[in-house]
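Here are a few exercises to work through with the model open beside you. Try each task before you read its solution.

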Amino acid sequence: MRANCSSSSACPANSSEEELPVGLEVHGNLELVFTVVTAVMMGLLMFSLGCSVEFRKLWLHIRRPWGIAVGLLCQFGLMPLTAYLLAISFSLKPAQAVAVLVMGCCPGGTISNIFTFWVDGDMDLSITMTTCSTVAALGMMPLCLYLYTLSWNLEQNLTIPYQNIGITLVCLTIPVAFGIYVNYRWPKQSKIILKIGAIVGGVLLLVVAVAGVVLAKGSWNSDITLLTISFIFPLIGHVTGFLLALLTHQSWQRCRTISLETGAQNIQMCVTMLQLSFTAKQLVQMLSFPLAYGLFQLLDGFLIVAVLVCFNT
């Protein structure tokens, strides 16, 4: 995947030998612990959420994938377009514009599955959408990035994190498969596992998100424009996802699910791609966006959950 940049200062050549600035240095052991904790958390979380999935309903979504199709249209149609329009509207610097676009082209994140459970959404559709968008990202990420960067005249290599996508798929499918099996064999016990997992998973997601920001605190800058975009971007995703689902005559439960799936992006995949594609000096300008987006999508998700819970009571 190639992208390019008319300004050499905006998109410098990749250099594996360049040392990281002090603000971006993370001790190897600490980073390893953070990565392992994240992987274990995701596995346990998806196992517990898999306990809410019924194979019959899951198979129905696969046989009649209208909800999945709408979700994928939101994920790889609306989100990349929104990212491109935001980058143009706010006249971002080339490097910052690429960071916003990469975020828009990423697949859905697992945090949407927790929020979907909390708002009594369609868990079968939510997990199916997360899995399908991750699989689709193998082809849709490079395609969207190529199409939207054509007019930018860039010269920087953008490395698609295929290994990261594969790891995400494994962390999704295997625990969910075990959860579905437990739900099939021991339905009463699965309900207990689901309740505990959803609560603990939500707390762990918040802790990991905050810890990630603290570990990379040197990457934050005072650019109010990027912070503004990171605040409104997930909100636009939630709103447009809901409206498109509503226009395609999806049920109220599916509309909530698709809305949450659309605004929640895979932050780790975005960060990994930026780290693989840009030098340390450039990352100082770029990493603040996915980190801020991650925090704001958490806050937006909690806000949506609170509104829906109040609305239903």
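**Exercise 1. Find the element that supplies the largest share of the lining of the largest cavity, then describe the rest of that lining.**

Solution. Start with the share itself: H5 provides three residues, the largest contribution to the lining of the largest cavity in this predicted model. Next, list the residues around the space: Ile111, Ser112, Phe115, His238, Leu260, Ala264, Gln297 and Gly301. Now look for elements that give at least two residues each; these are H5 and helix H13 (288–312). Then sort the lining by class, which gives four nonpolar, four polar and no charged residues. Finally, put a volume on it: the largest cavity holds about 40 Å³ of space. A search of the whole structure for cavities of 30 Å³ or more returns two.

**Exercise 2. Describe the second largest pocket by its volume, its lining and the elements around it.**

Solution. Begin with the volume, about 470 Å³. The lining of this pocket is made up of 21 residues, and those nearest the centre are Ser52, Glu54, Lys57, Met123 and Asp124. Two or more lining residues come from each of helix H2 (55–63), helix H5 (111–118), helix H6 (123–149), helix H8 (187–215) and helix H10 (252–263). H8 gives the largest share, with five residues. To finish, divide the lining of the second largest pocket by class: six residues are nonpolar, seven are polar and eight are charged.

**Exercise 3. Search the whole structure for salt bridges and say which parts of the chain they link.**

Solution. The search turns up one salt bridge. Its partners are Arg254 and Asp122, whose closest N and O atoms are 3.9 Å apart; the cut-off for a salt bridge is 4 Å, so this pair qualifies. Now place the two residues: Arg254 sits in helix H10, while Asp122 belongs to the loop between H5 and H6. With 132 residues separating them, the pair links distant parts of the chain.

**Exercise 4. Place Thr272 in its element and trace its contacts.**

Solution. Thr272 is part of helix H11, which covers residues 267–277. Follow its side chain and you come to the backbone oxygen of Gln268, at 2.8 Å. Then set aside neighbours within four places in sequence: Thr272 is in contact with Pro161 and Asn164.

**Exercise 5. Compare the UniProt "transmembrane region" annotation with the model over residues 67–92 and 224–247.**

Solution. First read the record: the unreviewed UniProt entry places this feature at residues 32–55, 67–92, 98–118, 125–148, 160–184, 196–218, 224–247 and 290–311. Take residues 67–92 next; this stretch is 88% helix and 0% strand, with its end C-alpha atoms 34 Å apart. Residues 224–247 are 100% helix and 0% strand, and here the end C-alpha atoms are 34 Å apart.

Conventions. Residues numbered from 1 in each chain as written. Predicted model: local features only at pLDDT ≥ 70, side-chain atom pairs only at ≥ 80, totals over all residues. Heavy atoms only, no water. 1 Å grid on protein atoms, 1.4 Å probe; cavity = no way out; pocket = protein on both sides within 12 Å on 5 of 7 lines; lining within 4 Å. Points joined across faces, edges and corners; volume = space filled by probe spheres on them. Helix = DSSP H or I, 4+ residues; strand = E, 2+ residues; numbered from the N terminus. Nonpolar A, V, L, I, M, F, W, Y, C, P; charged D, E, K, R; others polar. UniProt positions renumbered as here; feature names shortened; annotations may be inferred. Polar contact = N/O pair within 3.5 Å; in protein donor to acceptor, adjacent residues only side chain to side chain. Contact = heavy atoms within 4.5 Å. Salt bridge = Lys/Arg side-chain N within 4 Å of Asp/Glu carboxyl O.
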